[in-house]
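Please read the points below alongside the sequence and the coordinates. They concern enclosed space, one residue in a strand, and some backbone details.

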Amino acid sequence: MGGGAGVGGVGGTGAGGVGGAGVGGAPNGGAGGTGTGGVASGGAGVGGDGGVGASGGAGGDTCTGTATSAGVGGGGGNGSDVVVPIAGVTVSTVAGSSMAGSADGLAGAAQFANPVNLTLDELGNIYVADFDNSRVRKIDMPLGDVSTLVATGIVRPFGITLDVSGQLYVQTDGNPTGQLSQTTGTIWFVDAATGATNPLVANIGRPRGLAALPTGALAVADVVSQTVTTLDPVGMTLTPLAGMMGCAGFVDAAGTAARFHRPYGTASLPNGDLVLADENNHRIRLVTTTGVVSTLAGDGIPGTVDGPLAGARFAFPTDVDVDAAGNIYVSDTGTHRIRRISIATGLVETVAGDGQPGFLDGPGETARFFGQEGIAVLADGSAIFVADGTGGLPGEPYHRIRRVVLP
């Protein structure tokens, strides 16, 4: 039997009731209440096969306090997953191990401390945001030889991207003076050959996603301000693109009328538009060059459902990347899976991960990830590289860069 509906508090999150256990039934969670200045959440179904969380109540706009859209539904029982795996996928470890550290070296001899993101150059070499070490690392491929590119001067790197000319940009949570808060986010230019750093803009919030656009600008997704902006790295100016400062919610619209709830990783599509992982909305969103926001995939209920885009489900996706054909790859952090949105078929598939947290190399269907966040895909779509860290949990033995090879 479903639990009662929660009511969103001012500026907070309304929690739905927890569904009772069913025997072969559908133990649906209670519907989330309408948020008053908050974002309502649906209750989570617990127990019997086929259980799914009820839809959330109307999500409150955190700026106006009015109901704006459907809230987020709860997760289901074990039978709610619909997984369509891609056959012939293999997962292996490129570098790192269970041991946190900062040692350079080959493959498993190298150490990271919660690697959170990465990007690839044209030769397939990997640049890593080594978060807890406050370093930027480079992995020369195919040997997996790890070296340190930036060792000092930056604090907690996360976003990382290379533009079409090979210029490296890194986002850090700390500013150039080492201060660290929700507003000290800084974007740096990093010389990919020497490691020299130059801050472009500082104290701009808490950006996470960083993507190079064909125009030479950078797209910046901020999980605290709930906005997507563009940065001119020459003029060092930020221009609003979509979302309203500090306003969480879910609305498909243009410019400041659009709403996100923790817009995280983003990537540039072949046509210059953006694809974005909208973490707490459990959706993959599209943002045009003029700031028009739409939903590509996900119904807002957290879970794993492969198949047609409209009915697909994700859980706390944190990053996306795109191959040359326009296929979209998703780091679906809440399900510990890597997913693919095939543009040719309009279907969501599971690339790798069995849905359980941990570490296991091998076939894609049985492989395990723990705190995977950032991903990067080769242009031909033949391999995905994954920053598989601790998910921010202290003491966890997950400090690896993984490789997912597709047939």
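Strands are DSSP runs of E with at least two residues, numbered from the N terminus, and the loops named below are placed by reference to them. The model is predicted, and local features are taken only where pLDDT is at least 70.

1. F316 lies in the loop between β25 (307-308) and β26, and its phi is near 50°, a positive value in a residue other than glycine. Because buried means under 20% relative accessible area and exposed over 50%, F316, at 36% relative accessibility, counts as partly exposed.

2. A second residue with such a backbone angle is N114, whose phi is near 60°, again a positive value in a residue other than glycine. N114 is found in the loop between β8 (105-106) and β9; with a relative accessible area of 3%, it is buried. As background to both points, most residues other than glycine have a negative phi.

3. The peptide bond from M141 to P142 is cis, with omega near 10°, and P142 has its place in the loop between β11 (135-140) and β12. For comparison, most peptide bonds are trans.

4. Strand β12 (residues 145-150) includes V146, which counts as buried because its relative accessibility is 2%. Leaving aside neighbours within four places in sequence, V146 is in contact with A95, D104, G105, A110, F112, R137, K138 and I139. The C-alpha atoms of V146 and A109 are separated by 9.0 Å, although these residues are 37 apart along the chain.

5. How many cavities of 30 Å³ or more does the structure hold? There are 2 of them, and the largest cavity has a volume of about 40 Å³. Its lining is made up of V116, N117, F158, R208, Y264, G265, T318, D319, E373 and G374. The elements that contribute two or more residues to this lining are β9 (115-120), β21 (263-268), β26 (317-322) and β31 (371-377).

6. As for the chemical character of that lining, the residues around the largest cavity divide into 3 nonpolar, 4 polar and 3 charged. Readers comparing this division with their own should note that Gly is counted among the polar residues, whereas Tyr is counted as nonpolar.

7. Two of the strands in point 5 also serve to locate the loops described earlier: β9 bounds the loop that holds N114, and β26 bounds the loop that holds F316. Both β9 and β26 are among the elements that give two or more residues to the lining of the largest cavity.

Key
Residues are numbered from 1 along each chain as its sequence is written. This is a predicted model: local features need pLDDT of at least 70, side-chain atom pairs count only at pLDDT 80 or more; totals for chains, interfaces and linings use all residues. Side-chain values use heavy atoms; hydrogens and water are left out. On a 1 Å grid over the protein atoms alone, a cavity is a set of points where a 1.4 Å probe fits but cannot get out, and a pocket is an open set with protein on both sides within 12 Å along at least five of seven lines; lining residues have an atom within 4 Å of a point. Grid points are joined across faces, edges and corners, and a volume is the space filled by probe spheres set on the points. Helices (H or I, at least four residues) and strands (E, at least two) are DSSP runs, numbered from the N terminus. Buried means under 20% relative accessible area, exposed over 50%, partly exposed in between (1.4 Å probe, protein chains only). Contact means heavy atoms within 4.5 Å.
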